[in-house]
Amino acid sequence: MRLTSALPAISAMALSLWAGPSTANTIAQNVSWTIERDNPTGRYRVVAYGDSLYAGYQGSISEVAIWNAPNVAGEYASNAWNADIEIVRRAKSGAKARDVYNNKIVDDASYMQHRKTRIVTFEMCGNDALEARNDFAEQDDEDTCDYSGLDTALANCTRFVRKAMQFINENAHRKTRMKIVSNLYYPGYDDDDELSDCTDGQTGQPVNRQDAFLPYLARINWRTCNLARQNGFACADVFAQFMGSDYDSNNDGKTDSNALRIKRGESEAEYVDRITNTLRSTIRDPMMKFLNANKSITYIRSDDTHPTYHGDEVEVGPFGGSGGGQGPPRFQPDQYISPTKNPIWRRFGHERYGRTIALFNPDQP
């Protein structure tokens, strides 16, 4: 395995100028990583556009996780196709949907136009939602609660997810076999279960922040998956996989992580009601993902935002930038539990995220 960086090393003192990605500080963190097999039948490309989740952000602007969701999904494709897979991640930590669309998907369109491209995936909107949630929480006790920031985040997400899909449809290489979008999980779910300082304009009372934010997140997720259906994309329901237990906690006959998934033909109002009311009791903070009734594991790092991951990091430069490398697959075919389950598929957030994307990988390149 070899790790490379596109920028020379600069003193560690310079790194202290940055505290990591935020909505104010955005930084490119791009990686090109190739999975190399002993006797491959071919070589293909997976292209991923997004913010810090697809960047593999792990607390540093100079290094990112190798095995984040797109790389994990690419490894599943490599195993299924017995092929070398180049995973190109064009990401910008801290970027909102507009930024991801303009400065990654559009500006970096050439990466998906390569003739070896077979899968294109993207995610966005997480920073729109986080900023709106934080702004709502910071309203003080002299304020009437202002929901306009949440409304704006919902509108912008809807707009740029649609534009991204339309642009990818027009620009991805004609041999692209699958296009996949990911929706949002809810970091900080438990922390939001408290009253706001501001008061609601209708009731005159503080509102539960979780009650205020969850319906907006549900609308974002439904619209993302609905737009996917309209534009020929698959939708990886990361919310269901991160926020639901892997057992039937409410005895309705369905595993929670399956029951929470968006249903084909379900209206936005029906989905929002199901998430915020009918199945609300089954939603769990991904800091404590229940694998069964007696065992839980954390899918979120200590920053309470980004997924946990397995393996090493790759340098992208002291102020962000691009890096890459190559190496063998982590697992051989006989180590897989099933074609869509590697040995650690449930142990780390990025492993679960990547597997959720990989469920839509085509059987053949």
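## A tour from strand E3 to the cavity

Select Arg45 and Thr117: Thr117, in E6, is the bridge partner of Arg45. The model on screen is predicted.

**Stop 1: strand E3**

Widen the selection to residues 43-50, which form strand E3. Seven of its eight residues are buried, leaving the strand mostly covered. Add residues 117-122 for strand E6. E3 and E6 run parallel, with five bridges between them.

Now add residues 84-93, strand E5. Eight bridges join E5 to E3, again in the parallel sense. To find the register, pick Gly50, which stands opposite Ala91 in E5.

**Stop 2: from E6 to E10**

Go back to E6 and select residues 178-182, strand E7. E6 and E7 are parallel and share four bridges. Here Val120 stands opposite Lys179. E7 is mostly covered, with four of its five residues buried.

Add residues 234-236 to bring in strand E10. E7 and E10 pair in parallel over three bridges. Val181 faces Cys235 across this pairing.

**Stop 3: helix H4**

Select residues 97-106, helix H4. Which residues of H4 are buried? They are Ala97, Asp99, Val100, Tyr101, Lys104 and Ile105. Show what covers them: the cover includes strand E2 (27-35), E3, E5 and E6. Helices H5 and H6 (148-171) are also part of that cover.

**Stop 4: Asp108**

Move on to the loop between H4 and E6 and pick Asp108. Why does Asp108 count as buried? Its relative accessibility is 10%, and buried means under 20%, so Asp108 qualifies. Display its contacts beyond four places in sequence: Tyr49, Arg90 and Asn103.

**Stop 5: the nonpolar core**

In soluble globular proteins, nonpolar side chains tend to be buried together. In this model, the largest nonpolar core has 99 residues. Select Ile105, Met112, Phe122, Met124, Phe239 and Tyr353, the residues with the most contacts inside this core. Then colour helix H7, residues 209-231. H7 gives the most to the core, with 11 residues.

Centre the view on Met112. What is Met112 in contact with, leaving aside its neighbours within four places in sequence? The set is Val47, Tyr49, Ile105, Thr117, Val120, Phe167, Ile168, Asn171, Ala172, His173 and Thr176. Some of these names have come up already: Tyr49 is also a contact of Asp108, Ile105 is a buried residue of H4, and Thr117 is the bridge partner of Arg45.

**Stop 6: the cavity**

Rolling a probe the size of a water molecule over the atoms shows where empty space is left. How many cavities of 30 Å³ or more does a search of the whole structure find? The count is one. The largest cavity holds about 40 Å³ of space.

Select its lining: Arg133, Phe136, Ala137, Leu150, Asp192, Arg209 and Phe213. Helices H5 (126-137) and H7 are the elements that give two or more residues to this lining. H5 provides the largest share, three residues. Colour the lining by class to finish: four residues are nonpolar, three are charged and none is polar.

Terms used:
Residues numbered from 1 in each chain as written. Predicted model: local features only at pLDDT ≥ 70, side-chain atom pairs only at ≥ 80, totals over all residues. Heavy atoms only, no water. Core = buried A, V, L, I, M, F, W, Y, C linked by side-chain atoms within 4.5 Å. Buried < 20%, exposed > 50% of the residue type's maximum accessible area, 1.4 Å probe, protein only. Contact = heavy atoms within 4.5 Å. Pairing = 2+ DSSP bridges. 1 Å grid on protein atoms, 1.4 Å probe; cavity = no way out; pocket = protein on both sides within 12 Å on 5 of 7 lines; lining within 4 Å. Points joined across faces, edges and corners; volume = space filled by probe spheres on them. Nonpolar A, V, L, I, M, F, W, Y, C, P; charged D, E, K, R; others polar.
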